[in-house]
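Welcome! Here is a short tour for someone meeting this structure for the first time. Take a look at the view below, and then we can walk through it together.

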Amino acid sequence: MSAFLKSRYFSLEFIMGLGLTLGITFCVLFSSWLFPGAGEIDLTARLIAPFQQPAHPFGTDPLGRDVMARVFAGGWISLQVGFVSVVGSVLIGVAVGLVAGYYRGIWDVVVMRSADIQLALPFILLAITIIAIVGGSLTNTILLLIVSQWVQYARLVRAQVLALREREFVLAAQAMGVKSRNIILQHLLPNLLGPVIVLMTLNVANNILLESSLTFLGLGVDPTIPSWGGMLADGRTYLQTAWWVSVFPGLAILLTVLGLNLLGDWLRDSLDPTGRTER
Amino acid sequence: MKDTHHTSLLSVQGLTVSFGASQVIKDLSFEVPLGKTVAVVGESGSGKSVTSLSIMRLADLNGATYDGGSIVLNPATRPTDLLTLQQDEARQIRGKDVAMIFQEPMTSLNPVYTIGDQIAEILMLHERVSRQDALTEAVRLLSLVRLPDAQGVINRYPHQLSGGMRQRVMIAMAVACRPKLLIADEPTTALDVTIQAQILDILRDLQAELGMSIIFITHDMGVVAEIADQVVVMWKGEKVEEGPVETIFATPRHPYTRSLLSAVPKLGAMTGQDYPLKSPLTVLVDGRPEQVGETRVQDTAQMAAAPLLSVRDLSVRFDLKKTWYGKVTHVCPAVTGASFDIHPGETLSLVGESGSGKSTIARAIMQLNSPSAGDIAFDGKPMSRMSLAERQKLRQEIQYIFQDPFASLDPRKTVGWSIAEPIRTHGLMDNDRNISRRIGELLERVGLPASVATRYPHQFSGGQRQRVCIARALASKPRLIIADEALSALDVSIQAQIINLFMDLQKDDGLAYLFVSHDMAVVEKMSHRVAVLYLGQIVEMGSRRQVFENTAHPYTRRLLSAVPHPDPTHRREPVRLEGEVPSTTRRIGDEPPAAIHREVSPGHMVASN
């Protein structure tokens, strides 16, 4: 126990972050088991305020569906979209950024100019075009988000690599004959993870919301399947009279992002042996 | 006491400063006499910079607390205790009564404003003059610090000036409001010796002209001997000795001062010696001075043997400007026609100012730059005819040590990992237990305990980090080590220890060194042979004795005359070294011709143009 108290895992950031993330993931994964049959339409129980009826602690929506059940069930789509799209764009973006930044030359020019073109296209235009061709589904939504977001990571990583490769420890590694692959993986990658982790945790939330705007436009997943973003969009019209319809999914997004942010900050700090970012 | 108050401008009494729980300055007292220069000397971490920041009241903005004492300005006429002022009152004094110049002139100037605007801003703020008058005054100030073409300089931006010119602009800004006290924090450390000599001359002239007092913070005893009237020696946050500069140098009383002075390499100390000499060092062990090491003639060079490395007509150029279809129009001929040999067990030094191409040669040997002409042969085999595998083998047999030991170690890897990297890269050992035993041996070899292998670079001091870098260089069992300004970032006492370490390693392993440096005194102490570079060409090359005692080229003489002597009784004549190193951008077809060398005595080559 005393070893635990001294270890890097004994920190408010880590315990709170892990608790929030695991708690939410657990509720979402087991929502059908926790709320069997809940979330069905019941027009006799429309817009019940929260904390009024024990059967509906978060109240009900305009179609009489239980908000709590829908929040937990809706997390499944949102978490999938958030995590998979971010992990996918990080993998592509970091790899491209590392290679383009380290080797420079024609590969750098081609990749980064196409990244610029990509950034110049409005997201919605890109979404409409792609979904019109391949059709809307969960997989396609995730792919679309990856396509539109790997660029951020590529640019971030490339800029970091351009600065790092002029540092003397990289020059020292080159001088002693270390292979380029090892320089990239052992020297460059660990030194640029910090900002990537921060951008990742922010992007999870962003992507959960982007999925909802796609769904709202009819370009995302099937609108009958609940998702946090979709519920937020649905509740918008009732904000004056029934705040709970949109506030509870909003809180779910907030807590997820908070948990991930805490974990991300902790990860970044504990990866840095100098402890410079510690407060 | 009363007497000193009449003539002193600033009186520091019992100053105690701490950052959080750690006390960085303990009970420091000294006086700054009117119109005189006080040098505050000590190694990094001794608290000398915090002292100057406390006088400027900038230390508390960075989180320091003043636990006691006073800093009184004008103790005789209008006493003001700087420590009791509010920050906005202190701001009135900063820049007007007390001004400061810093070590790094590039980072102290704002890159988006012209020089004229930046000087005028200070004048308009403190003297409330119009912009037109301020700009006229700026021109006058710039000519005061002897900047040629002051009228043109005020319209230029900081990046368009060289390091020495920027430091002069900083001095002009500092003296703009005729401060009574100028604090100079290592103002010449980042500059070449010839530029350093110019800056010291300018400071001395300005002091005579404006009658200001100077607090000069430095670790360089040569500079102290040259400029100081009074010396305050600091060690671990405390003043250990104080006195007139002649007394400090002639009869140092405190053991720390003695060890500091014994560590300073003196130019000319080796006159009459054929070989470099390893000499004992005075180091402090638990506060008591002790002699470490023995005197040994470093006769390791096997000059009769075939050269280990031979460089023939090496030229390296960097493309600067291209036309839109990629044709090169302007180049920087960084190195032109350099030829030299290094024999086993020999130390060859390349000396010259920044921009002379000495690092470029070193990097070309390391295959970090590719030569545009000429060839480099190792063990008799030219690099141009080597296979990829042979070139990779070269990266094992030649190792490079960089100037900044912190920058050249990966901050995210333990030092053990970094030392093992060359071993793993070249597949010298594959058993992890053997590798970690070897790391331990290497660390002990360079004077560190084997147990530090699991630590990270930031947990070491500068000197220890450079030892780690040396251990890493030794890990692949090289035959040639290139030390690129490997001593310049270190304190003198540490520097002397590392010099002795280099010499011991050379004796035991028969290593050859290519030693790149701008410090003539260190070069004289270490080298078997010396090559002097100017604008990418070797202007003089010969044995150490030939170059230092029968100097033949005017540029070498100029370099030697600029070196400050750590002896206040023999101050250097102000030689008025004017001018900067000329621009090195050349049009294609307008490259400088290769120098023609003649042999003035056996092995002593001098450029004749």
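## Strands and an interface

In chain B, B:Ser11 faces B:Val72, a residue of strand β4(B). Please keep in mind that this is a predicted model.

That facing pair belongs to a longer match: strand β1 (residues 8-19) of chain B and strand β4 (residues 64-73) of chain B run antiparallel and are joined over eight bridges. Strand β4(B) also pairs with β5 (residues 80-81) of chain B, again in the antiparallel sense, over two bridges. Here B:Val72 turns up once more, with B:Asp81 of β5(B) as its bridge partner. The hairpin of β4(B) and β5(B) has six residues between the strands, and in it B:Asn74 takes a positive phi near 50 degrees.

The strand pairs of chain B described here are set out below.

| Strand pair | Sense | Bridges | Residues facing each other |
|---|---|---|---|
| β1(B) and β4(B) | antiparallel | eight bridges | B:Ser11 and B:Val72 |
| β4(B) and β5(B) | antiparallel | two bridges | B:Val72 and B:Asp81 |
| β18(B) and β19(B) | antiparallel | two bridges | B:Ala377 and B:Pro382 |

The last row leads to another part of chain B. There, five strands make an open antiparallel sheet, in the order β19-β18-β15-β16-β25. Its edges are β19 (381-382) and β25 (586-587) of chain B, each of which pairs on one side only. Next to the edge strand β19(B) comes β18 (residues 373-378) of chain B. A helix joins the picture as well: α12 (residues 358-365) of chain B lies across β15 (309-322), β16 (328-342) and β18 of chain B, at about 110 degrees to β15(B).

Now let us turn to the place where the two chains meet. How many residues does each chain bring to the contact? Chain B gives 25 residues and chain A gives 19 residues. The area buried between chain B and chain A is about 2000 Å², and carbon and sulfur atoms give 58% of that area. Zero salt bridges are found across this interface, while eleven residue pairs are in polar contact between the chains, both residues being at pLDDT 80 or more.

On the chain B side, the elements that give two or more residues are α13 (388-397), β20 (398-401) and α14 (415-425) of chain B. The largest share, four residues, comes from α14(B). By type, the residues on this side divide into ten nonpolar, seven polar and eight charged.

Notes:
Residues are numbered from 1 along each chain as its sequence is written. Chains are lettered from A and ligands numbered from 1 in the order in which they are written. This is a predicted model: local features need pLDDT of at least 70, side-chain atom pairs count only at pLDDT 80 or more; totals for chains, interfaces and linings use all residues. Side-chain values use heavy atoms; hydrogens and water are left out. Contact means heavy atoms within 4.5 Å. Buried area is the accessible area (1.4 Å probe) that two parts lose on being put together, summed over both. A salt bridge is a side-chain nitrogen of Lys or Arg within 4 Å of a carboxyl oxygen of Asp or Glu. A polar contact is a pair of N or O atoms within 3.5 Å; within protein, one must be able to donate a hydrogen and the other to accept it, and residues adjacent in sequence count only if both atoms are side-chain atoms. Ala, Val, Leu, Ile, Met, Phe, Trp, Tyr, Cys and Pro count as nonpolar, Asp, Glu, Lys and Arg as charged, and the others, Gly among them, as polar. Two strands pair if DSSP finds at least two bridges between them. Axes are lines fitted to C-alpha atoms, for helices over the stretch in contact, and angles run from 0 to 180 degrees between N-to-C directions.
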